[in-house]
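Hi everyone, thanks for making time. I'd like to walk you through one model today, going from its interior out to its backbone details.

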Amino acid sequence: MRTLLTTQELADFCKEAAQHPYVTIDTEFLRERTYYSQLCLVQLAYPGEGDENAVLVDPLSKELSLDPLYDLFRDTSVVKVFHAARQDLEIFWFDGKVFPDPLFDTQVAAMVCGFGEQVGYETLVKKIARDSVDKSSRFTDWSRRPLSEAQKTYALADVTHLRVIYEELAAQLKKKGREAWVTEEITTLTQPETYEIQPSEAWRRVKTRTTSGRFMAIVQALAEFRETYAQTNNVPRNRVFKDDALVELASAKPQSPGDLSKLRLLLRDARKGPISEGIIAAVKKGLEMAPEDAPKPDRSREKLLVNPAVADLLRVLLKAKSEAAGVAQKMIATTSDLDLIAAGERDVGALRGWRNEVFGKDAMLLCDEKIALTAKGTTVKIIAL
């Protein structure tokens with residue numbers, strides 16, 4: 001198996017790949033010790049048999065730039081195939097500010113084709129490629145060199161089997177007329193805002209029981225400091241301080257290093273130096289924030305008057321529709337979607353795009369009392385009223 005160590009080697013391979021209709025792509029990375037993922041390996045393959053036309057790319061090589069790969073990403077004549085692409089795309093976006101175009105995600109396609117929810121790569125290898133994946137190298141340290149033969153074999157299998165999976169799923173989508181469904185689903189994967197966390201909005205990720213204005217103002221200021229510090233220093237946000245410590249800080253409102261020393265949940269390194277200074281400054285900022293500027297949690301759903309009978313009927317309809325379409329229920333509508341529809345909301349994902357065709361139109365007819373549901377055995381039928 002080939003490992004590419006120079007930019008020229010990568011450019012030559014990408015030139016070959018550009019002559020084919022698609023290329024399969026996967027990555028190996030580490031993120032336990034950093035805010036941004038450390039890319040350790042890229043696997044590429046274009047149509048062929050076995051390890052033929054498949055390579056490993058070593059981004060840790062000082063003689064290699066990923067620019068030729070990013071040029072291939074921009075080549076719209078070649079489909080870029082991933083499985084569960086989100087983390088891979090995040091890495092490439094922050095490194096090269098580019099998204100693959102066009103993109104195909106086999107996990108999304110598999111859900112659309114009826115393989116279940118969040119179907120794993122190993123499952124698709126078994127069901128479609130009729131093979132198995134050796135998972136023994138999954139949690140190894142991909143940053144260490146040299147890579148073992150077991151690691152290389154494991155990594156390369158992630159793109160060689162993917163060729164068979166892609167071709168089968170693409171054929172199924174075409175036969176069922178559902179290519180547009182996949183395109184619609186992966187749109188969010190190629191939007192920068194999917195990956196770029198704004199420090200000023202980081203407070204929304206913190207779960208709290210108290211929602212008073214002053215408390216939330218301090219939570220916002222602390223979360224903004226933590227996110228900024230983590231991004232700037234490329235460390236995991238939990239290495240700065242964890243959520244439970246953030247909530248403790250917002251409650252205790254420390255004004256000095258001495259106050260920090262009295263807290264129970266704060267990490268030792270956060271009680272001194274730039275982190276402690278940032279905490280004290282953030283608490284001060286939160287205390288001084290004008291009431292009208294304090295963040296306000298979204299309470300709109302708490303005011304919804306959900307009709308439980310309608311919600312139950314929608315669940316029955318969803319089950320029938322998902323089985324008829326061969327698509328996982330949660331991909332069509334979530335429990336929250338059903339409750340929103342039952343409460344009279346209409347700006348709901350399940351009522352847009354392909355979901356509206358599969359489920360939404362009948363859901364609205366059910367809410368408007370224009371259809372009824374009957375059951376015989378395990379079969380649910382829709383009757384017009």
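Let me start with a term: a residue is called buried when its relative accessible area is under 20%. Please also keep in mind that this is a predicted model.

With that in hand, let's look at helix 2. This helix covers residues 67-74, and its buried residues are Pro68, Leu69, Tyr70, Leu72 and Phe73. What lies over them? The cover includes helix 1 (7-17), strand 2, strand 3 (38-45), strand 5 (79-82) and helix 3.

Leu69 turns up again in the largest nonpolar core. That core has 91 residues, and the ones touching the most other members are Leu10, Leu44, Val57, Leu69, Phe92 and Phe359. Helix 6 gives the largest share of this core, with 9 residues. There is also a second, separate core of 29 residues, and Ala221, Ala270, Ile280 and Val283 are among its members.

Which residues does Phe92 contact, if we skip its neighbours within four places in sequence? The list is Ile25, Thr27, Leu39, Val42, Leu69, Tyr70, Phe73, Phe82, Lys97 and Val98. Leu69, Tyr70 and Phe73 in that list are the buried helix 2 residues we just met.

Now for a charged residue. Glu28 sits in strand 2. Is Glu28 buried or exposed? Glu28 counts as buried because its relative accessibility is 8%, and the cut-off is under 20%. Leaving out residues up to four places away in sequence, Glu28 touches Gln38, Leu39, Cys40, Leu41, Gln43, Trp142, Tyr154, Ala155 and Asp158. Take one of these partners, Gln43: Glu28 and Gln43 are 15 residues apart in sequence, with their C-alpha atoms 8.3 Å apart in space.

Strand 2 also brings us to the largest pocket. The space in this pocket is about 850 Å³. It is lined by 32 residues, and Asp26, Phe29, His83, Ala84 and Gln87 are the closest to its centre. Which elements supply at least two lining residues each? They are strand 2 (22-30), helix 3 (86-96), helix 4 (106-112), helix 5 (121-129) and helix 6 (149-176). Strand 2 gives the largest share, 6 residues. For those of you thinking about chemistry, the lining splits into 15 nonpolar, 7 polar and 10 charged residues.

A quick word on annotation. An unreviewed UniProt entry lists residues 212-293 as "domain: HRDC". In the model, that stretch is 68% helix and 0% strand, and its end C-alpha atoms are 13 Å apart.

Finally, some backbone details to check on your own screens. The peptide bond from Asp101 to Pro102 is cis, with omega near 0 degrees, and Pro102 lies in the loop between helix 3 and strand 6 (103-105). Another cis bond joins Arg145 and Pro146, where omega is about 5 degrees; Pro146 is in the loop between helix 5 and helix 6.

Then there are positive phi values in residues other than glycine. Asn234 has phi near 50 degrees and lies in the loop between helix 8 (213-233) and helix 9 (237-240). Lys253 has phi near 55 degrees, in the loop between helix 10 (243-252) and helix 11 (257-261). Asn234 is partly exposed, at 30% relative accessible area, and Lys253 also counts as partly exposed, at 31%.

That's my tour, and I'm happy to take questions.

Terms used:
Residues numbered from 1 in each chain as written. Predicted model: local features only at pLDDT ≥ 70, side-chain atom pairs only at ≥ 80, totals over all residues. Heavy atoms only, no water. 1 Å grid on protein atoms, 1.4 Å probe; cavity = no way out; pocket = protein on both sides within 12 Å on 5 of 7 lines; lining within 4 Å. Points joined across faces, edges and corners; volume = space filled by probe spheres on them. Helix = DSSP H or I, 4+ residues; strand = E, 2+ residues; numbered from the N terminus. Nonpolar A, V, L, I, M, F, W, Y, C, P; charged D, E, K, R; others polar. UniProt positions renumbered as here; feature names shortened; annotations may be inferred. Core = buried A, V, L, I, M, F, W, Y, C linked by side-chain atoms within 4.5 Å. Buried < 20%, exposed > 50% of the residue type's maximum accessible area, 1.4 Å probe, protein only. Contact = heavy atoms within 4.5 Å.
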